[in-house]
Amino acid sequence: MAPNERRLATAAAWLAALTFLVLVGIRPAWKTLSVTPAQLREVDAQLDEMKRLADETQALRQRPPVPPAQSEAALKSATDRLGAAGRLTLQGDRATLTLTKVPGDALASWLEEARGAARVKPLEAGLMQVEPGVYSGTIVVALGLGSGGGR
């Protein structure tokens, strides 16, 4: 091989090696660096949400328990707002809510009131989405002095 051809082959080999290095070594690292800030923001948002939920849980645990009669009254009041779509059955220290085609926002409102005003502890939930945003099923909660502040 002539010296000119040898130099040309060497330059082509170096160019191929450099291209391979960029495609295999540098480009993936560069892509990772470019998406990392967005991923960090997302993880920070998730961490903030987890901290908020932990603080809310701690606050709920520190609240004084509600007497069973007051808890039952709060549950009945919340269930009455569901109309014919919700039926509450009380059995000792438990309450069972039977739902028939309840909109999701009404269900969320009931759950919020059950947790906040009645301070019940959820034991079981069997819900099905029968239509988009509409649910049927049952929710069983524990009533009583021990249900408000325990784990």
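Is R119 buried or exposed? R119 counts as buried, because its relative accessibility is 16% and residues under 20% are placed in that class. The structure described in this report is a predicted model.

## Overall fold and extent

The chain contains three helices and four strands. Their order along the sequence is α-α-β-β-α-β-β. The chain is more spread out than a compact globule, because its radius of gyration is 30 Å, well over the 15 Å that the globule rule gives for 151 residues. The principal axes tell of this extent in another way: the C-alpha atoms fill a box of roughly 100 × 35 × 20 Å along them.

A pair of alanines gives a further distance to consider. A11 belongs to helix 1, which covers residues 3-62. Between A11 and A95 there are 84 positions in sequence, and their C-alpha atoms are 81 Å apart in space. A11 itself is partly exposed, with a relative accessible area of 44%.

## Surface, contacts and charge

Of the 151 residues in the chain, 22% are buried. The exposed area of the chain is about 10600 Å², and carbon and sulfur atoms supply 61% of it.

Among contacts with a separation of 6 or more, 59% join residues that are 24 or more positions apart. As for charge, the chain carries 18 positive and 15 negative side chains. The centres of these two sets lie 6 Å apart.

## Strand 2 and its residues

Strand 2 spans residues 94-103. T96 is found in this strand and counts as buried, at 15% relative accessibility. Leaving out residues up to four places away in sequence, T96 touches R87, L88, T89, Q91, T138, I139 and V140.

K101 also has its place in strand 2. K101 is exposed, with a relative accessible area of 51%; the cut-off for this class is over 50%. The phi angle of K101 is near 55 degrees, a positive value in a residue other than glycine. Most residues other than glycine have a negative phi.

## Helix 3 and the loop after it

Helix 3 covers residues 104-116, and G104 is placed in it. G104 counts as partly exposed, at 22% relative accessibility. Apart from neighbours within four places in sequence, G104 is in contact with G133 and Y135. The C-alpha atoms of G104 and E72 are separated by 22 Å, and the two residues are 32 residues apart along the chain.

R119, the residue of the opening question, lies in the loop between helix 3 and strand 3, the latter being residues 121-131. R119 has a positive phi of about 50 degrees although it is not a glycine. This loop residue is nevertheless buried, at 16% relative accessibility.

## Confidence of the prediction

How confident is the predictor on average across the chain? The chain averages a pLDDT of 88, and 95% of the residues score at least 70. Over residues 146-151, however, the pLDDT is below 50. This stretch has 10 contacts in the model beyond near neighbours in sequence.

How values were computed
Residues are numbered from 1 along each chain as its sequence is written. This is a predicted model: local features need pLDDT of at least 70, side-chain atom pairs count only at pLDDT 80 or more; totals for chains, interfaces and linings use all residues. Side-chain values use heavy atoms; hydrogens and water are left out. Helices (H or I, at least four residues) and strands (E, at least two) are DSSP runs, numbered from the N terminus. The radius of gyration is taken over C-alpha atoms; the globule rule is 2.2 Å times the number of residues to the power 0.38. Buried means under 20% relative accessible area, exposed over 50%, partly exposed in between (1.4 Å probe, protein chains only). Contact means heavy atoms within 4.5 Å. Accessible areas come from the Shrake-Rupley method with a 1.4 Å probe; for residues, only the protein chains shown count as cover. Lys and Arg count as positive and Asp and Glu as negative; His and the chain ends are not counted. The place of a charge is taken as NZ of Lys, CZ of Arg, CG of Asp or CD of Glu. pLDDT is the predictor's confidence in each residue, from 0 to 100.
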